[in-house]
Amino acid sequence: MKYIFFILFTVMTNAAAQLMLKQGMMSMGPISFDGVNPLVKLLQIVFSPWVFLGLCTFVISMASHLYVLSKVELSFAYPFLSLAYVAVAVFAYFVFREDLNGWRIAGIACICVGTILIAQSGRGHEDQTASVTSDKIGTNEILR
């Protein structure tokens with residue numbers, strides 16, 4: 001649990017990136033490739049300010065996630081990324097006035113409960129490594 005800050009940082013930067021990408025695509029209006037070189041259009045999309053900032057935020061999120069993966073078990077860290085769905089739904093409701101109906105709220109509640117259960121059930125990689133190391137030391141002492 002000592003890496004929970006980094007896990008939540010990964011979740012929040014992932015959600016922030018999604019919101020920036022949405023803002024960027026809304027500011028560009030409907031996308032059409034008619035009569036335009038697709039590569040030029042793709043570059044226009046990627047280098048529009050909000051989209052570019054969102055992509056950069058994704059890079060930060062991925063770097064944070066890689067750090068987390070070096071410290072804790074994948075089966076512990078990865079489910080926390082589902083909290084990005086929760087953050088995006090809540091922030092999209094306030095920022096973009098998107099619908100947050102009963103079904104979505106029920107889904108958000110299920111995600112939160114599942115994440116709490118996973119958080120309570122898992123140990124970090126460093127804890128497991130220490131346990132395995134102490135078990136090996138104990139076995140070696142018995143063999144002597």
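This is a guided tour of one protein chain, stop by stop, for a reader with the structure open in a viewer.

**The whole chain**

Begin with the chain displayed as a cartoon, bearing in mind that the model is predicted. The protein chain contains seven helices and zero strands, and from the N terminus on its elements run α-α-α-α-α-α-α. If you colour the residues by accessibility, 26% of the 144 residues of the protein chain count as buried. Among the contacts in the protein chain with a separation of 6 or more, 80% are made by residues 24 or more positions apart, and several of the stops below show individual contacts of the chain.

**The largest pocket**

Select Asn 14, Gln 18, Ala 84, Tyr 85 and Val 88 next, which are the closest to the centre of the largest pocket among the 13 residues that line it. The volume of this pocket is about 220 Å³. To see which elements frame it, show helix 1 (4-28) and helix 5 (83-95), the elements that give two or more residues to its lining. By residue type, the lining of the largest pocket divides into eight nonpolar, three polar and two charged residues.

**Helix 5 against helix 6**

Keep helix 5 on display and add helix 6, which covers residues 102-121. Two packed helices are described by the angle between their axes and by the distance between those axes. Here the axes of helix 5 and helix 6 come within 9 Å and cross at roughly 145°, and the crossing is left-handed.

For the side chains at this contact, select Leu 83, Tyr 85, Val 86 and Ala 89 in helix 5, together with Ile 108, Ile 111, Cys 112 and Thr 115 in helix 6, which they meet. The residues of this contact divide into seven nonpolar, one polar and no charged.

Two of these residues deserve a separate look. Ala 89, in helix 5, is partly exposed, because its relative accessible area is 22% and the partly exposed class lies between 20% and 50%. Leaving aside neighbours within four places in sequence, Ala 89 is in contact with Leu 100 and Ile 108. If you draw a distance from the C-alpha atom of Ala 89 to that of Arg 104, 15 residues apart along the chain, the separation is 8.2 Å.

Thr 115, on the helix 6 side, is buried, since its relative accessible area of 5% is under 20%. Once neighbours within four places in sequence are left aside, the contacts of Thr 115 are with Pro 79, Phe 80, Ser 82 and Leu 83.

**The loop between helix 5 and helix 6**

Move now to Arg 97, which is found in the loop between helix 5 and helix 6. The backbone at Arg 97 has a positive phi of about 55°, although the residue is not a glycine. Is the residue at this point of the loop, Arg 97, buried or exposed? Arg 97 is exposed, because its relative accessible area of 65% is over 50%.

**Gln 23 and Phe 96**

Return to helix 1 and select Gln 23, which lies in it. Gln 23 is partly exposed, with a relative accessible area of 26%. Not counting residues up to four places away in sequence, Gln 23 touches Trp 50 and Phe 96, so it is worth displaying those two side chains with it. Along the sequence Gln 23 and Phe 96 are 73 residues apart, while in space the distance from C-alpha to C-alpha is 8.6 Å.

**His 65 in helix 3**

For the last stop, show helix 3 (residues 49-71) and select His 65, whose place is in that helix. His 65 has a relative accessibility of 10% and therefore counts as buried, the cut-off being under 20%. To see what surrounds the side chain, add Thr 10, Tyr 78 and Leu 81, which His 65 touches when residues up to four places away in sequence are not counted.

Terms used:
Residues numbered from 1 in each chain as written. Predicted model: local features only at pLDDT ≥ 70, side-chain atom pairs only at ≥ 80, totals over all residues. Heavy atoms only, no water. 1 Å grid on protein atoms, 1.4 Å probe; cavity = no way out; pocket = protein on both sides within 12 Å on 5 of 7 lines; lining within 4 Å. Points joined across faces, edges and corners; volume = space filled by probe spheres on them. Helix = DSSP H or I, 4+ residues; strand = E, 2+ residues; numbered from the N terminus. Nonpolar A, V, L, I, M, F, W, Y, C, P; charged D, E, K, R; others polar. Axes fitted to C-alpha atoms, helices over the stretch in contact; angles between N-to-C directions. Left-handed = near helix turned anticlockwise from the far one by under 90°. Contact = heavy atoms within 4.5 Å. Buried < 20%, exposed > 50% of the residue type's maximum accessible area, 1.4 Å probe, protein only.
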